[in-house]
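Work through the exercises below with the sequence and the 3D view at hand. Try each task before you read its solution.

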Amino acid sequence: MFSISLLWTCLASFVTIGWVDGLDNGLALTPPMGWLAWQRYRCITDCETYPDDCVNEQLFMRAADLLVSEGYAELGYQYLIVDDCWLAKNRSANGKLQADSQRFPSGIKALSDYVHSKGLKFGLYEDWGTKTCAGYPGVLGYEEVDAKTFAEWDVDYVKLDGCYSNVRLMDKGYPEFGKHLNNTGRPMVYSCSWPAYQEEKGMLIDYASMAKHCNLWRNYDDIDDSWDSMIKIADYFAQKQEFWAKYAGPGHWNDPDMLLIGNFGLTYDQSKTQMAIWAVLAAPLLMSNKLKEIRPEFKEILQNKEVIKINQDALGIQGHRVFKDKGIDIWTRPIEPINNGYYSYAIAFVSRRVDGAPYPYNITLKDFGMNNPNGYKVFNLYGNENTTSCNFNPESSLKVRVNPSGVVFLRMNAENSAEPCQDNSKTNFFK
């Protein structure tokens, strides 16, 4: 059954938390958006056998082209991020990182220049350890020189993993590397993996320090291409939300990992669900898919402008799961506009039911603490035909029907003037 006490605790935390200062780099004021190679392409280095899926410079040049030509870039997907397996097995004679000469014959600087020529930003993976997770050279012992190398290559985003490292020293090591990045004078978004490794060891994590030194951070295991993996991560975020959410905000974000949409593991309805939950969580929207093969219905989800607006809301408040009832999870997030001191909201009704017919569910606005006397206009973010032209008042009942493992995702705009729906407590707009 749902918990009213949990709801009020969550809503109170939205408006009482004290924001933690983020990095002094002015970046990631909204969650980063872009494309990252790892989930779809992993560490495929056999370019002869798998020419279209091999981790090489052509893969990333094609992805950069498609981000622009397919309309992703203009919607905010601006970061093109190279993940593990780009490196040569050894450093150069003078101790610098170098790309694999067979798969990246033009070098990383040339690839960075190509990405920038498309109007995009360039991201690169490394590891705070002796080796990357795939066994290539890590930054440990070379932190300053590697940070300078990234700046020389015009890198805009650094993803720093944590394999082959001392987990107990990450509290000092990750901030130290961040300072080296800042000292280069080049603005680089800094993505940390420090909490994911410490969480695995059951350690106490200094999230206040992380929010000060990192722009975003991975909290949990890598996502796999399945509904079970995606919903497990969502559940873990809900379990930790009272602690984690207060450290998220402009310039510093919790990261539940990549979007799976357009791959193999999620159905159409499940894909809409991931996009909705990630929007409520103010999560980075980093696709990892084969851009040229995304079917139109999945592309439509990734390019849903109204859902992207929720994710990129300027208030930067991470949402919460506030109800679990009858196989329906309800996630809410305060967003703009704020009228008469009342927040607007994004509300996702997520079905945990995996079979059967669409499930009907209803709840009144006042149960969410939505008490604006002028009411709220309701927008169906996955179906504009169900948008209201009148206001739902606090006594109104939201009635939805949610597909199995699907979502109904609504935007509730706090209004300045009352235009009440006629008997809207009995109106079912969202089927």
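Helices here are DSSP runs of H or I with at least four residues, and they are numbered from the N terminus. The model is predicted.

**Exercise 1. Which helix gives the most to the lining of the largest cavity, and with how many residues?**

Step 1. Begin with the search. Three cavities of 30 Å³ or more turn up in the whole structure.

Step 2. Take the largest cavity. About 90 Å³ of space lies in it.

Step 3. List the lining. Trp35, Tyr41, Asp52, Leu59, Arg62, Ala63, Leu66, Asn289, Lys290, Leu291 and Lys292 line the largest cavity.

Step 4. Find the helix. Helix α3 covers residues 57–69 and gives the most, with four residues.

Step 5. Sort by class. The lining of the largest cavity has six nonpolar, four charged and one polar residue.

**Exercise 2. Describe the largest pocket.**

Step 1. State its volume. The largest pocket has about 270 Å³.

Step 2. Look at the lining. It has 15 residues, and those nearest the centre of the pocket are Cys133, Asp161, Tyr197, Arg218 and Asp222.

Step 3. Assign elements. β4 (157–161) and α7 (194–200) are the elements that give two or more residues to this lining. α7 gives the most, with three residues.

Step 4. Sort by class. Eight lining residues of the largest pocket are charged, six are nonpolar and one is polar.

**Exercise 3. What is the strand order of the eight-stranded sheet, and is its pairing parallel or antiparallel?**

Step 1. Read across the sheet. The order is β7-β6-β5-β4-β3-β2-β1-β8. The sheet is open, and its pairing is parallel.

Step 2. Find the edges. β7 (253–255) and β8 (285–287) each have a single partner strand, so one side of each lacks a neighbour in the sheet.

Step 3. Add the twist. In this sheet it averages 25° from one strand to the next.

Step 4. Zoom in on one pair. Strand β3 (residues 121–127) and β4 run parallel and are joined by five bridges. Asp127 has Asp161 in β4 as its bridge partner. Asp161 also appeared in Exercise 2, among the residues nearest the centre of the largest pocket.

Step 5. Place a helix. Helix α4 (residues 108–117) lies across β2 (79–82) and β3, at about 145° to β3.

**Exercise 4. Which strands stand at the edges of the five-stranded sheet, and why is one side of each left without a neighbour?**

Step 1. Write the order. This open sheet runs β9-β10-β11-β15-β13, with antiparallel pairing.

Step 2. Take the two ends. β9 (320–325) and β13 (376–380) stand at the edges. Each has a single partner strand, so one side has no neighbour in the sheet.

Step 3. Check one pair. β13 and strand β15 (residues 407–414) are antiparallel over five bridges. Phe379 has Arg411 in β15 as its bridge partner.

Step 4. Add the helices. Helix α10 (residues 268–280) packs on the sheet and touches β9, β10, β11 and β15. Its direction makes about 35° with that of β15. Helix α9 (residues 227–244) lies across β9, β10 (328–339) and β11 (342–351), at about 110° to β9.

**Exercise 5. Where does pLDDT stay under 50?**

Step 1. Take the whole chain. Its pLDDT averages 92, and 91% of the residues score at least 70.

Step 2. Find the stretch. pLDDT stays under 50 over residues 1–22.

Step 3. Count contacts. For residues 1–22, the model has 56 contacts beyond four places in sequence.

Technical notes. Residues numbered from 1 in each chain as written. Predicted model: local features only at pLDDT ≥ 70, side-chain atom pairs only at ≥ 80, totals over all residues. Heavy atoms only, no water. Pairing = 2+ DSSP bridges. Contact = heavy atoms within 4.5 Å. Axes fitted to C-alpha atoms, helices over the stretch in contact; angles between N-to-C directions. pLDDT = per-residue confidence, 0-100. 1 Å grid on protein atoms, 1.4 Å probe; cavity = no way out; pocket = protein on both sides within 12 Å on 5 of 7 lines; lining within 4 Å. Points joined across faces, edges and corners; volume = space filled by probe spheres on them. Nonpolar A, V, L, I, M, F, W, Y, C, P; charged D, E, K, R; others polar.
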